[in-house]
Structure formats: structure tokens, C-alpha cells
Amino acid sequence: RYPAGDERKGFSIPEGVTNIAENAFNGNPFLRRLIIPKSVNNIENNPILGCMNLETIIFKNEKFEMFTCKDWTYAININPWGLCQLPGLKDIYLYADNPENIDFGLFDGLENIGEVTLYVPCFCAEKYRNHEVEYGSALSSSKKYIEAWRRFKRIEEFDPVDFIDDLS
């Protein structure tokens, strides 16, 4: 969990941490930029909930999964898992060169996804723009859901080698 009362604007989760706990950054009004290291490969429910001023999230890992039951989340109308209530979010950086390596469910609760720019490694933007996944509901064989990276405002490329993730 994020240290209670911490007023830093930027925070880098230490390398070696593998899981982000439920509500780990819940409602922090100071946090503007969050860096998630390669070692984190799983999150629990709503890890970055209600950080109203958070502007940038950097996912350095190349594969990312969530501890969720996606079908049940949709089927019984539970609040989405993942990133929620982040109205100030402007940029998300993914180091994964393949959209299949990132669980799109992470972005299910992102109400302002159409206002967020997604940055992906060089030569990968087209893969993200064209990737979509269709899946069904556990309670209804007729309900289908489609996840599409195109829901982001834009998908831009960046060079992870040259990218400086300074927290100042």
C-alpha cells in the first residue's frame, strides 16, 4: 500500500513488488504520476481508486494480468475492477509490445478512457489499434462484450529505451 499521508506528487513502486493490494492508492489527492515496475504482474480490485489528480501511469511490465472474474463482473453489474474514478488521468504508458499481454479489464472502470492517450512501444501502435477481444457472459450465452484499444483518445508510440520517467 501507498504510505498513508504521503504528499509526494510522483511515486515509483519499488522493483520486486509483485502485487498491488486492493485500494492501495485510494483517494490520494497529491499523487500525479505513478510508475509500476516490471515485477508487478497482478493487481487486486480497484488499486488506484479515486486519485482525482493522477495524470500519468507508467506500466513497465511487459505482461499484466488482473485477479478478476470478468464475466461475473459484467453479468451481475458489480463495479468494474481496475482503474476507476481518475478524472485527471491524461496518459498511460505501456511497455508491452503486444496487446494480448495486457489484460484490458484493467481499463474497464476508466470512465474517461476517451480522453486518455495510450503510449505503446515503437512499431506497436497499429497492433493495439487493431486488436479486439470478444467474450461472453457467464450468465447469458447471448450477451457478448468486445474490448477494443481504440476506445482510448489516441494511441501513440514512444521509445521505452529513451523514455525518462523522472518523478520530479
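Trainee: What percentage of the area that the protein chain exposes do carbon and sulfur atoms supply?

Mentor: This is a predicted model, in which local features need pLDDT of at least 70 and side-chain atom pairs count only at pLDDT 80 or more, whereas totals for chains, interfaces and linings use all residues. Residues are numbered from 1 along each chain as its sequence is written, and side-chain values use heavy atoms, with hydrogens and water left out. Accessible areas come from the Shrake-Rupley method with a 1.4 Å probe, and for residues only the protein chains shown count as cover. The protein chain exposes about 8,700 Å², and the share that carbon and sulfur atoms supply is 48%.

Trainee: In what order do the elements of the protein chain run from the N terminus on?

Mentor: Helices (H or I, at least four residues) and strands (E, at least two) are DSSP runs, numbered from the N terminus. On that basis the protein chain holds two helices and 11 strands. Their order is β-β-β-β-β-β-α-β-β-α-β-β-β.

Trainee: Which strands are the edge strands of the open sheet?

Mentor: Two strands pair if DSSP finds at least two bridges between them. Six strands form this open sheet with parallel pairing, in the order 1-3-5-7-8-11. The strands that pair on one side only are strand 1 (10–12) and strand 11 (154–158).

Trainee: Which residue of strand 7 is the bridge partner of I58?

Mentor: Strand 5 (residues 56–59) pairs with strand 3 (residues 33–36) in the parallel sense over four bridges, and I36 has F59 as its bridge partner there. Strand 5 also pairs with strand 7 (residues 91–94), again parallel and over four bridges. On that side I57 stands opposite I92, and the partner of I58 is Y93.

Trainee: Which residues lie on each of the two covered faces of strand 5?

Mentor: A residue is buried under 20% relative accessible area, exposed over 50% and partly exposed in between (1.4 Å probe, protein chains only). T56, in strand 5, counts as buried because its relative accessibility is 10%. The four residues concerned are all buried, and by side they are T56 and I58 on one and, on the other, I57 and F59.

Trainee: Which residues does T56 touch beyond four places in sequence?

Mentor: Contact means heavy atoms within 4.5 Å. Residues up to four places away in sequence are not counted here. T56 touches R32, R33, L34, L89, D91 and Y93.

Trainee: Which backbone oxygen lies 3.0 Å from a polar atom of the side chain of R32?

Mentor: R32 is placed in the loop between strand 2 (19–20) and strand 3, and its 26% relative accessibility makes it partly exposed. A polar contact is a pair of N or O atoms within 3.5 Å; within protein, one must be able to donate a hydrogen and the other to accept it, and residues adjacent in sequence count only if both atoms are side-chain atoms. The R32 side chain reaches the backbone oxygen of P29 at 3.3 Å. The backbone oxygen at 3.0 Å belongs to F30.

Trainee: Is N112 buried or exposed?

Mentor: N112 lies in the loop between strand 7 and strand 8 (117–121). A polar atom of its side chain is 3.5 Å from the backbone oxygen of L89, and its contacts, leaving out residues up to four places away, are L86, P87 and L89. Because its relative accessibility is 7%, N112 counts as buried.

Trainee: How far apart in space are A96 and N61, C-alpha to C-alpha?

Mentor: A96 is also in the loop between strand 7 and strand 8, and at 0% relative accessibility it counts as buried. Beyond four places in sequence, the residues in contact with A96 are N61, E62, I102, P121 and Y128. A96 and N61 are 35 residues apart in sequence, and their separation in space is 6.7 Å.

Trainee: Why is there no bond between the sulfur of C122 and the closest cysteine sulfur, and what is the distance?

Mentor: A disulfide is a pair of cysteine sulfur atoms within 2.5 Å, and the structure holds zero disulfides. C122 is partly exposed at 30% relative accessible area, whereas C124 counts as buried at 4%. The closest cysteine sulfur to that of C122 is in C124, and the two do not bond because they are too far apart, at 7.9 Å.
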